[in-house]
Amino acid sequence: MTVDLPLDKLLIGDSCETLRNLPANSIDLIFADPPYNLQLRGELYRPDNSRVDGVTEEWDKFDSLAVYDAFTRGWLAEAKRVLKPSGSIWVIGSYHNIYRLGVALQDLGFWVLNEVVWRKTNPMPNFRGTRFTNAHETLIWCAVSEKARYTFNYEAMKALNDDLQMRSDWLLPICSGAERLKGDDGHKAHPTQKPESLLHRVVLASSNPGDVVLDPFFGTGTTGVVAKRLGRHWVGIERDHTYAKIAMHRIRKTEVAEDPSVIETPSKRTAPRVPFGAVVERGLLPPGSVLTDVRKRFQAKVRADGTLIAAEHRGSIHQVGAAVQGAPACNGWTFWHFLPPKSKDLAPIDLLRQKVRAELSA
């Protein structure tokens, strides 16, 4: 028996069983940090003989790889059921489990969009000196099917990266300092707590304000904290009452922006279409205006009907831009530049398109 979607709630229980009770096609985004199945053999010590506080909890122990695989396929199958057709899922793991997660995802029909490497700026050293320092974890981002129309806020990711395309290798620190939660005994409250910076990037990239973000292995609530801060709804599943208590305390303390516009990530794809002719007819570039590329190699004149003419070429800003370069295609909005009044520097004509868009949305 399913229940109504419990928005902004933490559900206590087994991940697979609890997922089974959630409505189908109800979740926009899942972030999952499942047990790693580290298969540790004995304790690990630093050179000074102090013990390394690793992952030794019972929830990370499985009798065999077959048992772990069955567990993985069980919760992933339910995750796919609750995702909307436009939803997506991120799973994170180490070399111990990420390949098994990848096989399960593909076997269940998920479509892999990206493999992202989280490079840790401050990884734990390899104290025994028997292997390379394990300095990264891997995230797999999937849509529910090959032809799914998933969310990807490309412009937001580009802006976050100083106006450069966001790459699939993310250099971010692990939890440390004030962000690392501690228990009453002074030890880590959770051995695999993820940094908020990592979840900020995941949630901002693949969901929109008002969407529902689910974390089936909620732990101490990083996903809920970031989702709330970014104006998303969240649903968490966690079986450990101590972790759940810490998570809810964090989330209750998380503040939400008073101005909702600061968490919006508008996409150029959803912006109103503005033909170049609209720029011409508003007098922003009157007929006869001369456009050049940023290096001043090519020139074209603006015609009254919104076309350009350059030597023997005539057509749209895109057609003429491609023709003068001998290129198969061209984005005329970013290729062609003009000289704004009282300015010594060229500017892309896309600035004029943005001005028209602002008028249309005012």
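Select Asp8 to begin, and you will find it in the segment before strand 1, which covers residues 9-12. In this predicted model, Asp8 has a positive phi of about 55° although it is not a glycine, and with a relative accessible area of 32% it is partly exposed.

Before moving on, show the whole chain. It holds 11 helices and 14 strands, and its C-alpha atoms fill a box of roughly 80 × 50 × 40 Å when this is taken along the principal axes. Of the 362 residues, 43% count as buried. Among contacts between residues at least 6 apart in sequence, 66% join residues at least 24 apart, and the next stop offers a pair of residues to look at with sequence distance in mind.

Select Pro34, in the loop between strand 2 (27-32) and helix 2. Its relative accessibility is 2%, so Pro34 counts as buried, the cut-off being under 20%. Now add Pro216 to the selection: the two prolines are 182 residues apart in sequence, yet their C-alpha atoms are 8.1 Å apart in space. If you leave aside the neighbours within four places in sequence, the residues in contact with Pro34 are Trp75, Ile92, Asn97, Leu101 and Phe217.

Leu101 leads to the next stop, helix 3, which spans residues 98-107 and has Ile98, Leu101, Gly102, Ala104 and Leu105 as its buried residues. Turn the view until you look down the axis of helix 3: the buried residues fall within an arc of 165°, and they therefore line one face of the helix. Which exposed residues does the face turned away from the buried side of helix 3 carry? They are Tyr99, Gln106 and Asp107. To see what covers the buried residues, display the surrounding elements, which include helix 2 (65-82), strand 3 (83-93) and strand 5. Just after helix 3, select Gly109, which takes a positive phi of about 95°.

Strand 5, one of the elements covering helix 3, runs through residues 136-143 and contains Glu137, the residue to select now. Is Glu137 buried or exposed? With a relative accessibility of 7%, Glu137 counts as buried. Show its side chain together with that of Lys120, and you will see the two joined by a polar contact of 2.9 Å. Apart from neighbours within four places in sequence, the residues in contact with Glu137 include Tyr36, Ile92, Gly93, Val116 and Lys194. Ile92 thus appears again, having been listed among the contacts of Pro34.

Move next to Asp163, in the loop between helix 4 (154-160) and strand 6 (169-172). Like the starting point of the tour, Asp163 is not a glycine and has a positive phi, here of about 65°. Asp163 is exposed, with a relative accessible area of 54%.

For the last stop, select helix 5 (residues 196-206) and helix 6 (residues 222-229), whose axes come within 9 Å and cross at roughly 55°. The two helices are therefore oblique to each other, and helix 5 passes helix 6 in a right-handed crossing. Colour the residues where they meet: on the side of helix 5 these are Glu196, Leu199, His200 and Val203, and on the side of helix 6 they are Thr222, Thr223, Val225, Val226 and Arg229.

Note on methods
Residues numbered from 1 in each chain as written. Predicted model: local features only at pLDDT ≥ 70, side-chain atom pairs only at ≥ 80, totals over all residues. Heavy atoms only, no water. Helix = DSSP H or I, 4+ residues; strand = E, 2+ residues; numbered from the N terminus. Buried < 20%, exposed > 50% of the residue type's maximum accessible area, 1.4 Å probe, protein only. Polar contact = N/O pair within 3.5 Å; in protein donor to acceptor, adjacent residues only side chain to side chain. Contact = heavy atoms within 4.5 Å. Arc of directions from axis to C-beta. Axes fitted to C-alpha atoms, helices over the stretch in contact; angles between N-to-C directions. Parallel < 35°, antiparallel > 145°, perpendicular 65-115°, else oblique. Left-handed = near helix turned anticlockwise from the far one by under 90°.
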